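The following exercises introduce the reader to one protein model. Each sets a task and then works through the solution step by step.

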Amino acid sequence: APAAPGVVQPGLVKAGTQLSVQPPAERVKALEAALEAEPYDLGAWDARLREAIQEGKAEPVFERAVKQLPFAARIWAAYAEWSEMQDSAMALGVYSRCLQQVPNMDLWLSYLNFSKRHQTLEEVLRSYGRAIDLWGSDWRAAPVWSDYLALLKHAYNLKQKKENPDAELQGKLLAEDPNPIDTAKRTLKKELQKVQEEFGRAGADISDSEFLRVTEILKIDTEFVRKVFQRCAGASHSTMDKLWLGYEQFEKSQGNPAMAAKYMSEHMPRYVRGKAAYKELSQLGNNMDFYAVAVPITPKTQLEQKKLFDQWRAMLRFERTNPLQLEGEELTARVALVYQQASLACGFAPDLWYDFSAWLDLGGKQEEATEVLRK
């Protein structure tokens, strides 16, 4: 079986451990001893999981790993992606257990890719809607915005053509991007293709008729698409220019130049601020390990933990300056999301929790602030 993400090759352990290439049984025995001596030894967990995958007995070891490291996003992602090779329902169960408790963008991207491979069109669109609600403000959210809008634009165009056969001639249709569900199918790894063929899985129906049916169910109309475009234009991510041009075309396609100009002028300032903020955030996040796992601070780990904390503190310091000029709860929620992400890598740093609590208290979230201190 192929290795899951973050799991090293069999027989090898990350630098700093004493294990060398040995027979499988000896490797497992040594790794178990290492984990008993230090349950937070991430290198030993990586290698032990890789051995378990090679043995075909991965599930119990993954369960032990997530019990010991319940907020380790990369181990949850590896568990879910390994499970997908066994059964899609099993993988969905793993994602269902971790998505709400582990605030990690990469874990959500893993889930969205799973959704595109195995779920219905309606479920895919609902999943993207939830992802936007949770992650739309994050500076790394460009893939989520791009895929979601690609699906919405296709649905919108089909609805326009159904209601008006001359929509294309009248310039009512939007420029489309490749369908992300179709792309996910075409780029499917050979191992997963084989699994899908064995179980007779075909993935989502993305026919025009299915898009129209789901469009009616989810009420994807002009106002729905407008609100998503406006939210996207007010965020801060790497594809803002392309998606802004898409929004501009959308408003112009409505046939009311005065109204289009009004909407564009209203949202242009935040779009400009978002671009500037993204530039700064991408520099602050350069070389940051977003799959890093918090471990107790010891003489062995303190340098790496301090480096992670300093990186997250710099990002938090910038976010708290409110570069997007947000108001009230929107600002509180945006910065809180960054604190939540930082806690995955720096959860044993008391100052992080104190600062997080103080931020929530400042935003009028006293109950949430008290709950953070209890952690």
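Rings of Phe, Tyr and Trp (its six-membered ring) pair if their centres lie within 6.5 Å; planes under 30 degrees apart count as stacked, over 60 as edge-to-face and the rest as tilted. The model is predicted: local features need pLDDT of at least 70 and side-chain atom pairs count only at pLDDT 80 or more, while totals for chains, interfaces and linings use all residues. Residues are numbered from 1 along each chain as its sequence is written, and side-chain values use heavy atoms, with hydrogens and water left out.

**Exercise 1. Aromatic pairs**

Task: Determine how many aromatic pairs there are, and classify the pair F62 and W82.

Solution. Step one is the count, which comes to 18 aromatic pairs. Step two takes F62 and W82: their ring centres are 5.9 Å apart and their planes stand at 35°, so the pair is tilted. Step three locates the partners among the helices (DSSP runs of H or I, at least four residues, numbered from the N terminus). F62 belongs to helix α3 (residues 58-68) and W82 to helix α4 (residues 73-86), so the pair ties together parts that are 20 residues apart in sequence. Step four asks about burial, where buried means under 20% relative accessible area, exposed over 50%, and partly exposed in between (1.4 Å probe, protein chains only). F62 counts as buried because its relative accessibility is 0%; W82, at 11%, also counts as buried.

For a second pair, the rings of W108 and Y111 have centres 5.6 Å apart and planes at 90°, so this pair is edge-to-face. Both residues lie in helix α6 (residues 105-118), 3 residues apart, about one turn of the helix, and both W108 and Y111 are buried. Finally, ring pairs join Y156, F229, W244, Y247, F250 and Y271 into a cluster.

**Exercise 2. Two helices**

Task: State the length and reach of α4 and of α12, and list which residues of each are buried.

Solution. The expected span of a helix is 1.5 Å times one less than its number of residues. With 14 residues, α4 reaches 20 Å from its first C-alpha to its last, close to the 20 Å expected. Its buried residues are A73, R74, I75, W76, A77, A78, Y79, A80, W82, S83 and E84. Because 11 of the 14 residues of α4 are buried, this helix is largely enclosed by the rest of the structure.

Helix α12 (residues 222-233) has 12 residues and reaches 16 Å, close to the 16 Å expected. Here V225, R226, V228, F229, Q230, C232 and A233 are buried. Their cover includes α8 (142-163), α13 (240-252) and α14 (257-284).

**Exercise 3. Nonpolar cores**

Task: Which residues have the most contacts inside the largest nonpolar core?

Solution. A nonpolar core is a set of buried Ala, Val, Leu, Ile, Met, Phe, Trp, Tyr and Cys residues joined through side-chain atoms within 4.5 Å. The largest has 78 residues, and those with the most contacts inside it are F62, I75, W76, L107, L125 and W145. Its largest share, 9 residues, comes from α8. Another core, of 30 residues, lies apart from it and has F290, F318, A345 and W359 among its members.

**Exercise 4. The surroundings of Q305**

Task: Is Q305 buried or exposed, and in which helix does Q305 lie?

Solution. Q305 lies in helix α15 (residues 302-319). Its relative accessibility is 6%, so Q305 counts as buried. Contact means heavy atoms within 4.5 Å. Leaving aside neighbours within four places in sequence, Q305 is in contact with V293, A294, V295, I297, A345 and C346.

Definitions and conventions
Helix = DSSP H or I, 4+ residues; strand = E, 2+ residues; numbered from the N terminus.
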